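These notebook entries record what I looked up in one structure, step by step. I begin with a loop residue and then turn to the wider chain.

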Amino acid sequence: ADSFHRTDFLEEYRYNLQLFQEMERFPSVWRVHGPWIALVNLIGNVAVFMPFGFFLPFHKRNLRNGIVVSCLAFLFSLLIETTQLIFKIGVFDVDDLFLNTVGGVLGYLTFFISFKLYLKYGRPRKQKMEK
């Protein structure tokens, strides 16, 4: 059975440096293990980084730049993947880097749209004082 090497303690270093290699396996994983495993891997890697992309600019005003948030999401994902490689826990996977970064970008876009809507419609209006 394919364990996806996500929690295995391995004796050798495991890595995937070919972009989209793991994602190309999803149809076969879907057939063998069912849709849940493939979707959790794909959607989970995106969804887990969406809060990062949303809350970072929410809490830090100077991080309200999509490029900066995207780079930070990538770097944070790189830290996680590198930690997995160094400690031989799971697989260093460039597909995870890509999907995590996409999640950070989607989180930022959600923040950006929400913030613009708030500025346009949600802010309390100052009412003119009548004398």
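**Entry 1: a loop residue.** I looked up Lys-88 and found it in the loop between α5 (66–86) and β2 (92–93). The model is a predicted one, and I read every value below with that in mind. Lys-88 has a positive phi of about 55° although it is not a glycine. Is Lys-88 buried or partly exposed? I noted a relative accessible area of 24% for Lys-88, so this residue counts as partly exposed, given that buried requires a value under 20%.

**Entry 2: another positive phi.** I then turned to Phe-20, which lies in the loop between β1 (15–16) and α1 (21–24). Its phi is near 75°, again a positive value in a residue other than glycine. Phe-20 has 37% relative accessibility and therefore counts as partly exposed.

**Entry 3: the chain as a whole.** I next asked how many helices and strands the protein chain has. I recorded six helices and two strands. Along the sequence, their order is β-α-α-α-α-α-β-α. The protein chain has 131 residues, of which 30% count as buried. About 9,300 Å² of the protein chain is exposed, and carbon and sulfur atoms supply 67% of that area. I also looked up how far apart in sequence the contacting residues are. Among contacts with a separation of 6 or more, 71% join residues 24 or more positions apart.

**Entry 4: strand β1.** I looked for an example of such a contact and chose Asn-16, which is placed in strand β1. Asn-16 has 4% relative accessibility, so it counts as buried. Which residues touch Asn-16, once neighbours within four places in sequence are left aside? I listed Gln-21, Glu-22, Val-91, Phe-92, Asp-93, Val-94 and Asp-95. For one of these, Val-91, I noted the spacing: Asn-16 and Val-91 are 75 residues apart in sequence, while their C-alpha atoms are 7.1 Å apart in space.

**Entry 5: strand β2.** Phe-92, one of the contacts of Asn-16, is itself found in strand β2. Phe-92 counts as buried because its relative accessibility is 11%. Beyond its neighbours within four places in sequence, Phe-92 is in contact with Arg-14, Tyr-15, Asn-16, Leu-17, Leu-78, Glu-81, Thr-82, Leu-85 and Leu-97. I also checked Ile-80, which is 12 residues from Phe-92 along the chain; the two C-alpha atoms are separated by 8.7 Å.

**Entry 6: salt bridges.** Side chains of opposite charge can pair when their charged atoms come close. How many salt bridges does a search of the whole structure find? I recorded one. In this salt bridge the side chains of Glu-22 and Arg-25 meet, at 3.0 Å from N to O. I then looked up the exposure of each partner. Glu-22 has a relative accessible area of 17% and is therefore buried, whereas Arg-25, with 28%, is partly exposed. Glu-22 had already appeared among the contacts of Asn-16.

**Entry 7: helix α2 against α3.** Two packed helices are described by the angle between their axes and the distance between the axes. The axes of helix α2 (residues 26–33) and α3 come within 6 Å and cross at roughly 140°. I therefore entered α2 and α3 as oblique to each other. On the α2 side I found Phe-26, Val-29, Trp-30 and His-33, which meet Pro-35, Ile-37, Ala-38, Leu-39, Asn-41 and Leu-42 in α3.

**Entry 8: helix α3 against α6.** Helix α3 (residues 35–47) has its axis within 6 Å of that of α6, and the crossing angle is roughly 50°. I therefore recorded α3 as oblique to α6. Asn-41, Leu-42, Asn-45 and Val-46 in α3 meet Asp-96, Leu-99, Asn-100, Val-102, Gly-103 and Leu-106 in α6.

**Entry 9: a surface patch.** Leu-106 led me to a nonpolar patch on the surface, formed by Leu-106, Leu-109, Phe-112, Ile-113, Leu-117 and Tyr-121. Together these residues have about 580 Å² of accessible area. I looked up one member, Leu-109, and found it in helix α6 (residues 94–122). Leu-109 has a relative accessible area of 40% and so is partly exposed.

Key
Residues are numbered from 1 along each chain as its sequence is written. This is a predicted model: local features need pLDDT of at least 70, side-chain atom pairs count only at pLDDT 80 or more; totals for chains, interfaces and linings use all residues. Side-chain values use heavy atoms; hydrogens and water are left out. Patches are made of residues with over 30% relative accessible area and no salt bridge: like charges are joined within 9 Å, nonpolar side chains (Val, Leu, Ile, Met, Phe, Trp, Tyr) within 5 Å. Accessible areas come from the Shrake-Rupley method with a 1.4 Å probe; for residues, only the protein chains shown count as cover. A salt bridge is a side-chain nitrogen of Lys or Arg within 4 Å of a carboxyl oxygen of Asp or Glu. Helices (H or I, at least four residues) and strands (E, at least two) are DSSP runs, numbered from the N terminus. Buried means under 20% relative accessible area, exposed over 50%, partly exposed in between (1.4 Å probe, protein chains only). Contact means heavy atoms within 4.5 Å. Axes are lines fitted to C-alpha atoms, for helices over the stretch in contact, and angles run from 0 to 180 degrees between N-to-C directions. Angles under 35 degrees count as roughly parallel, over 145 as roughly antiparallel, 65 to 115 as roughly perpendicular and the rest as oblique.
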